[in-house]
Amino acid sequence: MKIIVLVKHVPDAQLDRHLSDEDNTTDRADSILSELDEYALEAALQLIEARGGAKAGNQVIALSMGPAGAVNAIKKSLQIGATEGVHLRDDALAGSDAAATSLALAAAVRHLGADSPVDLVLTGMASTDGETSLVPAQLAERLDLPQVTFASELDVDGGRVIARRDSDTHYDTIEATLPAVVSVTDQINEPRFPNFKGIIAAKRKTITTLTLADIGVDPAQVGKAGSWTEVKTAAARPPRTAGTIITDEGDAGIQLVDFLAAQKLL
Ligand SMILES: Cc1cc2nc3c(=O)[nH]c(=O)nc-3n(C[C@H](O)[C@H](O)[C@H](O)COP(=O)(O)OP(=O)(O)OC[C@H]3O[C@@H](n4cnc5c(N)ncnc54)[C@H](O)[C@@H]3O)c2cc1C
């Protein structure tokens with residue numbers, strides 16, 4: 001199998017995240033591999049391990065679009081077990097919205113499928129910064145491939161992918177012919193951690209850098225210029241207020257009801 005896993009380099013949610021004052025794009029200084037993409041990576045590794053792994057010629061390609069630092073998301077993916085990495089990097093991509101991102105990633109997937117066909121594209125259910133969940137569906141549309149989103153279980157049988165998608169009231173079993181685009185949820189598996197052997201092995205794995213010219217994309221179609229959306233203004237979130245503290249002198253219940261009533265929550 002040849003699986004491409006989309007991995008995004010995102011600001012660490014544990015740290016203070018902010019937009020750059022200059023142009024309201026995300027300040028990606030302290031960034032990491034998006035945690036939700038680790039589930040997609042784990043799903044890909046389990047699929048190829050069930051088919052003999054890399055030794056049997058199976059591939060898990062970690063593809064990331066982003067500035068220089070995004071290579072760290074790829075390196076982490078290689079340490080976890082991806083067989084090779086691809087970094088789509090071009091200054092003209094800066095400020096790309098979801099539509100522009102999916103256009104560029106679709107061209108990169110086509111480029112990677114030129115030598116041998118891609119069987120499956122796996123993604124996280126959302127990035128942990130933009131959180132739009134738009135890219136997987138847009139990517140499938142641009143590649144004219146079937147899409148299955150929010151899979152909580154996944155298997156491949158012959159030329160089909162079979163997935164489970166949960167909702168509040170029931171679950172669906174969805175089948176699609178390969179190649180397909182599938183986004184997976186954080187319920188699908190327990191991502192593995194890079195081990196010492198994996199960290200050493202990653203040093204010998206290939207990371208290819210692609211520019212827009214390499215994948216045949218006109219810079220005017222991506223970045224701020226090619227984006228369908230624009231962040232007009234951005235303001236820092238107001239600092240959290242201390243909140244109301246209720247001291248129970250036997251009437252805490254009444255105080256709480258009064259508070260909720262005052263907030264028109266009752
Ligand atoms: C706070 C904030 C709000 C935003 N709001 C919008 C908006 O409303 N509309 C809009 O069009 N854009 C928006 N953006 C921009 C958007 O985040 C970027 O365009 C981004 O590259 C794609 O969208 P996403 O992060 O929401 O991806 P999702 O669609 O949430 O990502 C789903 C999956 O796609 C893959 N993926 C996404 N981006 C990449 C990448 N660069 N490289 C590799 N894989 C990737 C990952 O597997 C990821 O798990 C916003 C950005 C921020 C920081």
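The legends below describe close-up views of a predicted model.

**View 1. The open sheet and its strand order.**
This sheet is built from 7 strands and is open, with the order E7-E11-E6-E1-E4-E5-E12 and parallel pairing. Strand E7 (147-151) and strand E12 (207-210) are the edge strands, each of which pairs on one side only. From one strand to the next, the twist averages 20°.

**View 2. The pairing of strands E4 and E5.**
Strand E4 covers residues 59-65 and strand E5 covers residues 84-88. The two strands pair in the parallel sense, over 5 bridges. Within this pair, Leu-63 stands opposite Val-86 in E5.

**View 3. Helix H3 across the sheet.**
Helix H3 is made of residues 98-112. The strands that H3 lies across are E1 (2-6), E4, E5, E6 (120-124) and E12. Relative to E4, helix H3 runs at about 150°.

**View 4. Helix H4, its buried residues and its end.**
Helix H4, residues 135-143, lies across E1, E6, E7 and strand E11 (180-184). Its direction is at about 175° to E11. The buried residues in H4 include Val-135, Pro-136, Gln-138, Leu-139, Ala-140 and Leu-143. Among the elements covering the buried residues of H4 are the strands E1, E6, E7 and E11, together with helix H3. After H4 comes Asp-144, which has a positive phi, near 55°.

**View 5. Thr-185 in the loop after strand E11.**
Thr-185 sits in the loop between E11 and H5. Is this residue, Thr-185, buried or exposed? Thr-185 counts as buried because its relative accessibility is 9%, and the cut-off for buried is under 20%. Leaving aside residues up to four places away in sequence, Thr-185 touches Tyr-39, Met-125, Phe-150, Ala-151 and Ser-152.

**View 6. The second largest pocket.**
The volume of the second largest pocket is about 480 Å³. This pocket is lined by 20 residues, and the closest to its centre are Glu-49, Ile-80, Gly-81, Lys-197 and Lys-205. Which helices each supply at least two residues of the lining of the second largest pocket? They are helix H1 (35-49), helix H2 (71-80) and helix H5 (196-202). By residue type, the lining of this pocket has 8 nonpolar, 7 polar and 5 charged residues.

Notes:
Residues are numbered from 1 along each chain as its sequence is written. This is a predicted model: local features need pLDDT of at least 70, side-chain atom pairs count only at pLDDT 80 or more; totals for chains, interfaces and linings use all residues. Side-chain values use heavy atoms; hydrogens and water are left out. Two strands pair if DSSP finds at least two bridges between them. Helices (H or I, at least four residues) and strands (E, at least two) are DSSP runs, numbered from the N terminus. Axes are lines fitted to C-alpha atoms, for helices over the stretch in contact, and angles run from 0 to 180 degrees between N-to-C directions. Contact means heavy atoms within 4.5 Å. On a 1 Å grid over the protein atoms alone, a cavity is a set of points where a 1.4 Å probe fits but cannot get out, and a pocket is an open set with protein on both sides within 12 Å along at least five of seven lines; lining residues have an atom within 4 Å of a point. Grid points are joined across faces, edges and corners, and a volume is the space filled by probe spheres set on the points. Ala, Val, Leu, Ile, Met, Phe, Trp, Tyr, Cys and Pro count as nonpolar, Asp, Glu, Lys and Arg as charged, and the others, Gly among them, as polar. Buried means under 20% relative accessible area, exposed over 50%, partly exposed in between (1.4 Å probe, protein chains only).
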